[in-house]
Amino acid sequence: MSLFRSFSRSAASRIRGSIPLHSHRQHSKRLMSTHNNLSNWRTNGIPEMSFGAILLSAVAIDQMLQSREEVSRKNMLSELEVAIQDDERKEQFGSRIIASKEKLFDCIVRRLPKYFDGSKSLTDVELGDKVSVVEEFVGSDKMYHLCRIEKNGNTMVGWFPISCLEKLQ
């Protein structure tokens, strides 16, 4: 038997070349352990940890984008508030100037328009009210007069359709 072993060792060493037998066994053990590790990768939690890392990254990116969006909204809102305040100041200043402006002529309201409630419209006007025209032919298509009316101690200024007014002589 020992003769057979020595023969098979010598034949094996000739086939493998110069790699000693104990080195070949270690190499095959490493290959087997790598193969076992690859086949057992599902049981050691790698897929779950990978999925968790990807999910955590997605949540972190989403959170960052939401915070940027919130900051952008706040900036836009503050810019709009400043613009609105500027417009209100300009409008108040313009209303004071128009209220102190000299009238061109007086008119009587003969008709009330059905749908007339814009931001620059003269409101709270009734049939037969006397309005003072401060500026003629204003607004879209020059179809309005800029009018002023004093009611209950308040001076109101706004546009009123020319077709609903009758000029006083």
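Modeller: In this predicted model, a residue is called buried when its relative accessible area is under 20%.

Colleague: Is cysteine 147 buried or exposed?

Modeller: The cut-off for a buried residue is under 20% relative accessible area. Cysteine 147 has a relative accessible area of 0%, so the residue is buried.

Colleague: Which cysteine sulfur is nearest to that of cysteine 147, and how many disulfides are there?

Modeller: A disulfide requires two cysteine sulfur atoms within 2.5 Å. By this rule the count is zero disulfides. Cysteine 147 accordingly takes part in no disulfide; at 6.4 Å, the nearest cysteine sulfur belongs to cysteine 107.

Colleague: Why does the aromatic pair of tyrosine 144 and tryptophan 159 count as stacked or edge-to-face?

Modeller: The structure holds one aromatic pair. The ring centres of tyrosine 144 and tryptophan 159 are 5.7 Å apart, and their planes meet at 25 degrees. Planes under 30 degrees apart count as stacked, so the pair is stacked.

Colleague: Which strands does this pair link?

Modeller: The two residues stand 15 residues apart, and the pair links distant parts of the chain. Tyrosine 144 belongs to strand S3 (residues 144-151), and tryptophan 159 to strand S4 (residues 154-161). The strands are therefore S3 and S4.

Colleague: Is tryptophan 159 buried or partly exposed?

Modeller: Its partner tyrosine 144, at 19% relative accessibility, counts as buried. Tryptophan 159 has 25% relative accessibility, so this residue counts as partly exposed.

Colleague: Which residue lies over the face of phenylalanine 105?

Modeller: A lysine NZ must be within 6 Å of the ring centre to sit over a ring. At 4.3 Å from the ring centre of phenylalanine 105, the residue over its face is lysine 167.

Technical notes: Residues are numbered from 1 along each chain as its sequence is written. This is a predicted model: local features need pLDDT of at least 70, side-chain atom pairs count only at pLDDT 80 or more; totals for chains, interfaces and linings use all residues. Side-chain values use heavy atoms; hydrogens and water are left out. Rings of Phe, Tyr and Trp (its six-membered ring) pair if their centres lie within 6.5 Å; planes under 30 degrees apart count as stacked, over 60 as edge-to-face and the rest as tilted. Helices (H or I, at least four residues) and strands (E, at least two) are DSSP runs, numbered from the N terminus. Buried means under 20% relative accessible area, exposed over 50%, partly exposed in between (1.4 Å probe, protein chains only). A charge sits over a ring if NZ of Lys or CZ of Arg is within 6 Å of the ring centre and within 35 degrees of the ring normal.
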